[in-house]
Amino acid sequence: MTNRIALLTGGGDKPYALGIASALASAGVPLDFIGSDDLESPELLKDPQVRFLNLRGDQRPDADITAKLIRVFLYYLRLLRYVVIAEPRIFHILWNNKLELFDRTLLMLYYKLLGKKIVLTVHNVNAAARDGRDSISNRLSLRVQYMLTDHLFVHTAKMKHQLLSDFAVNESKVSVIPFGINNTVPNTALSCPEARVQIGFAKENRVLLFFGNIAPYKGLEYLVEAFIQLAPEDARYRLLIVGRPKQNEAYWRGIRDKIRKAKLSDRIYERIEYVSDEDTEIYFKAADILVIPYTYVFQSGVLFLGYSFGLPVIVTDVGSLKDEIVEGKTGFVCKPADSPDLADAIRMYFRSELYRNLPGQRRHIQAYANQRYSWGKVAATTTAVYSSFSGNPFFQRRYRQLSANETWVDGGDTPNNRV
């Protein structure tokens, strides 16, 4: 009976894909890692537990439409062939591929017909509803995929509830796991003053950061409105907007026009494009606070990226975001779609001990996050699910070994893994 697992990444989300692969490999789980050029990391290639299969190849967004169509077609051909000859019996899907409807229905049926057990990590229960693009075909295809999946992982209890209530998923098929901490983005000795020099900000500035895709559900307009309220109160305020518009250029143009009319362009730094991992730390090191002003979401990987740099976070009370904040210790919570309340939260932060002792607090936030969102804990729960399907004593032993390392942190009521 094979111990090997097929980890299907969709070719993207490097922090999550590499994080879970490294955790499982460290736990002794052998993997077929179905990746792309973007995920071809030296650490993964050197790991004896990982067989890296670059089925996806190049994914450069600047390719012409013909090249994109050809490479997607070739990827699916390689994937279909791989499933026939694959050693692993358990297929763990981290993300679907380009053709969502096909992936959720016919491709799932193909896996099942070839005797595969399917595990699916659900990062968004219904992303189309979040983005205002929901449809009957979208909901139906999601229902099919969730029905054909043998086990599903979600990151919050609210996501589990949505699966049960909106898609009639059996509760026994769903496990809640942490969103593992982002440990793939470089974190060098670059200091805050050095980072600020690179973007033209001064040491005394009070710097707010918005980072990630720019889309209507991200609520960036409310942060800009809050900044417009705050700017006359203190000349030290600065705003970093780092990311690229996602399928809605008009949304960003409206925000940009608002900035221009307020005549605050000289106090707002904009980098409106994809930012490489190598450049990411500049903005998280330069900032005093990360602001996540979303209007609709269950969870956010940007929050955990901020925590990995020890950066405090202001979040809106949507989804499960507030559950990840220790008020006054790792950040603050405000109302969604409410720029005056967001402005109040920002004022509160800059009056707080958290801000006054920021260098030391950054270290505490990093330590807290590395324990609470340990990839070891993710690996323990994941391995337990693999064991339940295979009946393989290999996975049972691995789960017992990982679980034995669970501990209690700061007298709280949440077990956290030290692995």
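Where does A168 lie? A168 is in the loop between α8 (157-167) and β7. Helices here are DSSP runs of H or I with at least four residues, strands are runs of E with at least two, and both are numbered from the N terminus.

Before I go on, the ground rules. This is a predicted model, in which local features need pLDDT of at least 70 and side-chain atom pairs count only at pLDDT 80 or more, while totals for chains, interfaces and linings use all residues. Residues are numbered from 1 along each chain as its sequence is written, and side-chain values use heavy atoms, with hydrogens and water left out.

Back to the loop. Most residues other than glycine have a negative phi. A168 has a positive one, near 55 degrees. A168 counts as exposed because its relative accessibility is 57%; the scale is buried under 20% relative accessible area, exposed over 50%, and partly exposed in between, with a 1.4 Å probe and protein chains only.

K263 also has a positive phi, near 55 degrees, and is a residue other than glycine. Its place is the loop between α11 (249-261) and β10. With a relative accessible area of 71%, K263 is exposed.

Now the sheets. Strands of a sheet pair through backbone hydrogen bonds, either parallel or antiparallel. Here two strands are taken as paired if DSSP finds at least two bridges between them.

One open sheet has seven strands in the order β3-β2-β1-β4-β5-β6-β7, and the pairing is parallel. At its edges stand β3 (50-53) and β7 (174-176); each has a single partner strand, so one side of each has no neighbour in the sheet. From one strand to the next the twist averages 20 degrees. Axes for such angles are lines fitted to C-alpha atoms, for helices over the stretch in contact, and angles run from 0 to 180 degrees between N-to-C directions.

Take the β3 edge. Strand β2 (residues 31-34) runs parallel to β3 and is joined to it by four bridges. One of the bridge partners is R51 in β3, which pairs with D32. In a regular strand the side chains alternate between the two faces of the sheet. In β3, V50 and F52 make up the covered face, and R51 and L53 the uncovered one.

The other open sheet I will show has six strands, ordered β10-β9-β8-β11-β12-β13, again with parallel pairing. Its edge strands are β10 (268-272) and β13 (331-334), each with a single partner, so one side of each is left without a neighbour in the sheet. Neighbouring strands of this sheet are turned by 20 degrees against each other on average, direction ignored.

At the β13 edge, β12 (residues 313-316) and β13 pair in the parallel sense over four bridges. V315 has V333 of β13 as its bridge partner. T316 also belongs to β12, and T316 is buried, with a relative accessible area of 2%. T316 and I292 are 24 residues apart in sequence, and their C-alpha atoms are 6.7 Å apart in space.

How many disulfides does the structure hold? Zero, a disulfide being a pair of cysteine sulfur atoms within 2.5 Å. As for cysteines, C192 counts as partly exposed, at 28% relative accessibility, and C334 is buried at 5%.

Last, the empty space inside. Rolling a probe the size of a water molecule over the atoms shows where such space is left. A cavity is a set of points, on a 1 Å grid over the protein atoms alone, where a 1.4 Å probe fits but cannot get out; lining residues have an atom within 4 Å of a point. Grid points are joined across faces, edges and corners, and a volume is the space filled by probe spheres set on the points.

The count is two cavities of 30 Å³ or more. The largest has a volume of about 70 Å³. Among the residues lining it are H123, R130, Q162 and Y296. Its lining divides into five nonpolar, four polar and one charged. Nonpolar means Ala, Val, Leu, Ile, Met, Phe, Trp, Tyr, Cys and Pro; charged means Asp, Glu, Lys and Arg; the others, Gly among them, are polar.

The second largest cavity has a volume of about 50 Å³. Its lining includes L8, W95, D103 and Y111, and divides into five nonpolar, two polar and one charged.

How values were computed
1 Å grid on protein atoms, 1.4 Å probe; cavity = no way out; pocket = protein on both sides within 12 Å on 5 of 7 lines; lining within 4 Å.
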